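Hi,

Here is the structure I said I would pass on. Have a look at it first, and my notes are underneath.

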Amino acid sequence: MAGESGGEDVVSEYLGQNPQLAQWVETFRGYCESNKQWLARREFILRNMEGFPTVQPGVPSSGLDRLLSLSMVWANHVFLGCSYPPAVMDKIKEMGEGIHVQDAPVHKTAKDELMGKGKRPASAGNAVAKTVPNELDSRPAVRTAARSGSQKLGPPPQAPAEHQPFFNRLYKAVAWKLVSAGGFGPNLDHFEILRSCVESCKQTLTCVFVPLKDITGLPAGRTQKEGHVCEIRCQTVFMGTGYGRDEAAARAMASKEALKVFQGRKVTVKICRRRYKGKDVDDLMLLDEQPRSQGFPPALSYPFQDEQLEESSA
């Protein structure tokens, strides 16, 4: 049983006799999973493989995707107290029967906490800040101090390390949300998923909208097209850009692009060079582990600008 020496010994002995299976199942360990969490979820996967006839080591299948999704849901419920629709909860409890996690955490539900504090949850409208290009973020925690002319404009060198813990939490929140939604796909409400995950981490999204015709540097054939471009940031970190016939469609596409970054094993905040108002600047970007064959889209806003950048752009 996971979390107890006897259970771990049984699983370890079984995997020791099946080295190919051991190597295969180890590929499913999450980047942020502790040993305790992984050993429990690993046992869940191994116990339930027989219930998915199409699951074969080393062979991708819809059954494998379903099993892995349910294993994440089960682990999220056990270790983090996440709740899901009743049918899903009944399923994972049935599949997890007999797996014992020693010293499993006891969770208080969000409803209990809200009732205890006498507070109501914030409305969805409070989770998104709509801005116009060049509007500065007024939150003290993310403002950039004024720099002298001899210093380099942009985010300070320590900014990625300061922002990374938040995006590690957001990565987990997005993973759980996508699992409960059945996985990433084209028919999801991508903006609502991203918004709710950011809200659960006590932050807000910033959406910047610019008419396509006002964006310089596009091919001549596209500058006359109608539509809008949306840029999404959180804590001044760029997450995605999208185009649509109106602001809502552009925001949906930008959210979809942002969620794609969360499909890898981790996300990383980095300082990268990109174009803003025809100039190269340093910007904070949220990236996955995939190599990029093309450059970044030009920025629609720049939270790190100051009077010097404005003067140089004039």
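Below is what turned up, starting with the cores and ending with the cysteines.

One thing before you dig in: this is a predicted model, so please read everything here in that light.

**The cores**

The largest nonpolar core has 37 residues, and the members that touch the most others in it are Phe167, Leu170, Met239 and Leu286. Helices and strands both feed into this core: α7 (159–180), α8 (190–200), β2 (205–211), β3 (228–234), β4 (237–244), α9 (247–260), β5 (268–276) and β6 (279–287) each give two or more residues. The top contributor is α7, with 8 residues.

Met239 is a good place to center your view. Leaving out residues up to four places away in sequence, Met239 touches Phe167, Leu170 and Leu286, and these three are, like Met239 itself, on the list of members with the most core contacts. The other contacts of Met239 are Leu194, Leu205, Ile232, Arg233, Cys234, Glu257, Ala258, Val261 and Phe262, so Arg and Glu residues turn up in that list too.

There is also a second core, separate from that one, with 30 residues, among them Leu21, Phe52, Leu64 and Tyr84.

**Helices α4 and α5**

Next, have a look at α4 (residues 62–80) and α5 (residues 86–95). Their axes come within 10 Å and cross at roughly 90°, which makes the two helices roughly perpendicular to each other. On the α4 side, the contact is made by Leu67, Leu70, Val73, Trp74 and His77, while α5 brings in Val88, Met89, Lys91, Ile92, Lys93 and Met95. By type, the residues of this contact split into 8 nonpolar, 1 polar and 2 charged.

Asn48 belongs to this part of the story as well. It sits in helix α3 (residues 35–48) and touches Leu67 and Met95, again setting aside residues up to four places away in sequence. Leu67 is one of the α4 residues in the contact just described, and Met95 is one of those from α5. Asn48 counts as buried because its relative accessibility is 12%, under the 20% limit.

**The cysteines**

How many disulfides are there? The count comes to 0. Take Cys234: the closest cysteine sulfur is in Cys201, 8.3 Å away, which is too far for a bond. Cys234 is buried, at 0% relative accessibility, and it is also among the residues that Met239 touches. Cys272 is buried too, with a relative accessible area of 12%.

Cheers

Methods: Residues numbered from 1 in each chain as written. Predicted model: local features only at pLDDT ≥ 70, side-chain atom pairs only at ≥ 80, totals over all residues. Heavy atoms only, no water. Axes fitted to C-alpha atoms, helices over the stretch in contact; angles between N-to-C directions. Helix = DSSP H or I, 4+ residues; strand = E, 2+ residues; numbered from the N terminus. Parallel < 35°, antiparallel > 145°, perpendicular 65-115°, else oblique. Contact = heavy atoms within 4.5 Å. Nonpolar A, V, L, I, M, F, W, Y, C, P; charged D, E, K, R; others polar. Core = buried A, V, L, I, M, F, W, Y, C linked by side-chain atoms within 4.5 Å. Buried < 20%, exposed > 50% of the residue type's maximum accessible area, 1.4 Å probe, protein only. Disulfide = S-S within 2.5 Å.
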